[in-house]
Amino acid sequence: MMYKAFFNRALARALAGAGLLALAAGASAADDLVVENAWLRAVPPVSPTMAGYFELRNKGDRSVKLEGAEAEFAGMAMLHGTETTGDGQRRMVHLGTIRLDPGDRVSFKPGGKHLMLMKLSDVPRAGETVAVCLTFTNHDDVCADFQVRHNSP
Amino acid sequence: MPFYRVLAGRLGLLTLFLALAACAEPRQELPVNTRLGGDFTLTDHRGEAFRLADQEGRVVLMFFGYTHCPDICPATLARVSQVYRNLREAGDAGRVQPLFITFDPARDTPAHLAEYLPWFKADVIGLTGSEADIRAVAEQYGVVFLKSDPQDGGYDFTHSDYVYLLDQQGRVRKLYPSDFNIDEVTDDVQSLL
Ligand SMILES: [Cu+2]
């Protein structure tokens with residue numbers, strides 16, 4: 001699994017390098033899973049964490065379970081949600097797997113679900129594009145180009 | 001006091017007439033929130049004592065957060081910074097002060113805040129202190145925060161995330177949600193200058 005994930009990323013990078021994967025910034029597609037509007041919020045270079053956002057669509061004909069994410073510059077990545085409690089307080093919660101049935105779509109967006117990237121070895125800067133791979137319990141990794149930006153695309 | 005009130009009333013009327021004369025909608029003065037707020041002393045990102053009362057004569061935009069929070073906190077900082085830059089362009093920078101108060105003094109030391117905040121290019125003053133001091137300030141402003149149990153990725157905070165507008169006397173005049181409208185806040189600040 002680790003090996004496969006690594007291989008997928010290496011392949012993705014090689015393809016991206018060749019310009020084959022450059023569909024559009026922030027977009028990526030396995031044939032059945034589509035990632036769109038993928039971006040990371042730009043933060044100061046000394047920031048210990050970063051948040052990532054995207055939309056994921058299951059265009060295939062079987063259910064998948066999103067489990068987490070991996071990125072070269074992050075020692076750790078998790079699926080998080082920001083919840084608002086009854087008295088208006090906000091908290092982050094660790095999400096378990098997210099199931100997407102055929103035709104389903106999930107949005108990770110500011111103030112809601114986000115990819116939480118931690119233990120950063122490097123903080124990519126606004127304007128850069130970096131690969132982040134979504135991992136699944138029952139599907140190959142899906143790697144997408146995430147644009148580092150100040151605001152939602 | 002009565003004289004002051006009369007004067008304030010006259011000035012209010014004068015402002016109203018001027019506003020009407022300019023064909024603008026008369027602006028409601030922002031009410032003073034008497035339930036929240038008050039003076040406090042914390043430590044700024046240069047490691048020096050910071051007293052709110054020393055900001056007298058400046059309008060303050062103040063909010064709480066922590067730098068390990070990647071989602072709401074940097075977004076709020078960026079929005080407050082945008083308000084500040086708008087005001088700076090209008091020539092009002094010296095009369096407005098953004099304040100960021102951390103919930104997380106263990107990780108948000110003055111040195112870390114001093115590295116983190118300048119990136120937002122808004123002369124934000126970062127404030128930290130002992131946990132007890134920070135909790136006391138939070139209570140004054142009706143902010144609740146709760147540290148999560150540490151787990152693999154560290155710890156987080158459950159917290160309310162209002163932005164506070166304080167007038168030149170340090171009184172709370174308005175609260176905004178963290179995804180406030182930038183133009184609205186810019187206008188509100190200007191109404192207090
Ligand atoms: Cu998070």
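A salt bridge is a side-chain nitrogen of Lys or Arg within 4 Å of a carboxyl oxygen of Asp or Glu. The exercises apply this and other terms to a predicted model, in which local features need pLDDT of at least 70 and side-chain atom pairs count only at pLDDT 80 or more. Residues are numbered from 1 along each chain as its sequence is written, and chains are lettered from A in the order in which they are written.

**Exercise 1.** Determine how many salt bridges the rule finds across the interface of chain A and chain B, and which side chains meet.

*Solution.* Step 1: the rule finds one salt bridge across this interface. Step 2: its partners are the side chains of Arg90(A) and Asp161(B), at 2.8 Å from N to O.

**Exercise 2.** Describe the extent of the interface between chain A and chain B.

*Solution.* Step 1: count the residues in contact (heavy atoms within 4.5 Å); 29 residues of chain A touch 26 residues of chain B. Step 2: take the buried area, which is the accessible area (1.4 Å probe) that two parts lose on being put together, summed over both. For chain A and chain B this area is about 2,100 Å², and carbon and sulfur atoms give 62% of it.

**Exercise 3.** Explain on which side or sides of helix H5 of chain B the buried residues lie.

*Solution.* Step 1: a helix is a DSSP run (H or I, at least four residues), numbered from the N terminus; H5(B) spans residues 182-191. Step 2: the residues that are buried (under 20% relative accessible area, 1.4 Å probe, protein chains only) are Val185(B), Thr186(B), Asp188(B) and Val189(B). Step 3: these residues lie on the same side of H5(B), because they cover an arc of only 165 degrees around the axis, taken from the directions from the helix axis to the C-beta atoms.

Methods
Side-chain values use heavy atoms; hydrogens and water are left out. Buried means under 20% relative accessible area, exposed over 50%, partly exposed in between (1.4 Å probe, protein chains only). Helices (H or I, at least four residues) and strands (E, at least two) are DSSP runs, numbered from the N terminus.
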